[in-house]
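I opened this model to look up the contacts of one buried residue, then the core and the pocket. My entries follow the structure.

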Amino acid sequence: MTKSAEITNMPTPHRALQPEGWARPIGYSNGMEARGRTVFVGGQIGWNGQCKFEAKDLPGQIRQTLENIVAILREAGAGPEHVTTMTWYVLDKKQYSASLKEIGAAYKATMGRHFPAMAVVQVSGLVEDEALVEIQATAVVPD
């Protein structure tokens, strides 16, 4: 098991908000409650640290994007378990839906079984032409 995988399997220090009687969401939370130091991660895309795209497919770019987010979190002394919210911008919602199994595997490999509040939005384009996804995240590190 990699160090990243060990970190991602830690329990979250935050509380998922689940209204009584609501169906439990799969792969995300409806809301999160957190206290502490806030870390804002600007929109990340599926290129590596040298701004090169190694993956041309959506699941591969999502994996790289999430790895980029985890690297930025580490700079703040945070990990995936501290993420409270994420917004995903995808170019093609049909491609996203058709790739859910592979996307789920990429997510679990980088973020573990921590599911913050999330939104997925289809957009008409991203600034980098090769990018298929952009993800913005917010994390809260307990005091």
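Entry 1. I listed what Ile135 touches (contact: heavy atoms within 4.5 Å), leaving out residues up to four places away in sequence: Gly42, Gly43, Gln44, Thr65, Leu66, Ile69, Met86, Thr87 and Trp88. The model is predicted, with pLDDT of at least 70 needed for local features and 80 or more for side-chain atom pairs, while totals for chains, interfaces and linings use all residues. Numbering runs from 1 along each chain as its sequence is written, and side-chain values use heavy atoms, without hydrogens and water.

Entry 2. I placed Ile135 in strand E6 (strands are DSSP runs of E, at least two residues, and helices runs of H or I, at least four, numbered from the N terminus). Ile135 counts as buried because its relative accessibility is 0% (buried is under 20% relative accessible area, exposed over 50%, partly exposed in between; 1.4 Å probe, protein chains only). I also checked Ile45: its C-alpha atom is 6.7 Å from that of Ile135, though the two are 90 residues apart along the chain.

Entry 3. I looked up the largest nonpolar core (buried Ala, Val, Leu, Ile, Met, Phe, Trp, Tyr and Cys residues joined through side-chain atoms within 4.5 Å) and found 24 residues, with Leu66, Ile69, Leu73, Met86 and Trp88 having the most contacts inside it. Strands E3 (37–45), E4 (83–90) and E6 (133–141) and helices H2 (58–75) and H4 (100–111) each supply at least two residues of this core. H2 gives the largest share, 6 residues.

Entry 4. I took Trp88 next; its contacts beyond four places in sequence include Ile62, Tyr96, Ile103, Tyr107 and Ile135.
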